[in-house]
Amino acid sequence: METATALWMIIVLAIAFIFRWLRILSKNSEAQIKQNEQLIEQMKQLNEQLKEQSAD
């Protein structure tokens, strides 16, 4: 009986750890997406500036 309880506790802790790890990875990917969007915006602005300079 005690062995079964210990196994259940180990399983529950493992699941909790996996979900915590997934949440951390999710937050990291959200930050990466925001950073990529900022880089894209900067590239668009640079592209516009180059177009204006070449038109002059």
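A nonpolar surface patch of about 1,200 Å² stands out in this predicted model. Its members are W8, I11, V12, I15, F17, I18, F19, W21, L22, I24 and L25. One of them, I15, sits in helix α1, which covers residues 2-55. I15 has 43% relative accessibility, so this residue counts as partly exposed.

The fold is simple to describe. The chain has one helix and zero strands. Its radius of gyration is 24 Å, well over the 10 Å that the globule rule gives for 56 residues, so the chain is more spread out than a compact globule. Along the principal axes, the C-alpha atoms fill a box of roughly 85 × 10 × 5 Å.

Burial and surface come next. Of the 56 residues, 0% count as buried. The accessible surface of the chain is about 5,700 Å². Carbon and sulfur atoms account for 64% of that surface.

D56 lies in the segment after α1. Its relative accessibility is 83%; exposed means over 50%, so D56 counts as exposed. Between D56 and I24, a member of the nonpolar patch, there are 32 residues in sequence and 49 Å in space, C-alpha to C-alpha.

The two residues with accessibility values are set out here.

| Residue | Relative accessibility | Class |
|---|---|---|
| I15 | 43% | partly exposed |
| D56 | 83% | exposed |

Charge closes the report. The chain carries 6 positive and 7 negative side chains. The centres of these two sets lie 9 Å apart.

Technical notes:
Residues are numbered from 1 along each chain as its sequence is written. This is a predicted model: local features need pLDDT of at least 70, side-chain atom pairs count only at pLDDT 80 or more; totals for chains, interfaces and linings use all residues. Side-chain values use heavy atoms; hydrogens and water are left out. Patches are made of residues with over 30% relative accessible area and no salt bridge: like charges are joined within 9 Å, nonpolar side chains (Val, Leu, Ile, Met, Phe, Trp, Tyr) within 5 Å. Accessible areas come from the Shrake-Rupley method with a 1.4 Å probe; for residues, only the protein chains shown count as cover. A salt bridge is a side-chain nitrogen of Lys or Arg within 4 Å of a carboxyl oxygen of Asp or Glu. Helices (H or I, at least four residues) and strands (E, at least two) are DSSP runs, numbered from the N terminus. Buried means under 20% relative accessible area, exposed over 50%, partly exposed in between (1.4 Å probe, protein chains only). The radius of gyration is taken over C-alpha atoms; the globule rule is 2.2 Å times the number of residues to the power 0.38. Lys and Arg count as positive and Asp and Glu as negative; His and the chain ends are not counted. The place of a charge is taken as NZ of Lys, CZ of Arg, CG of Asp or CD of Glu.
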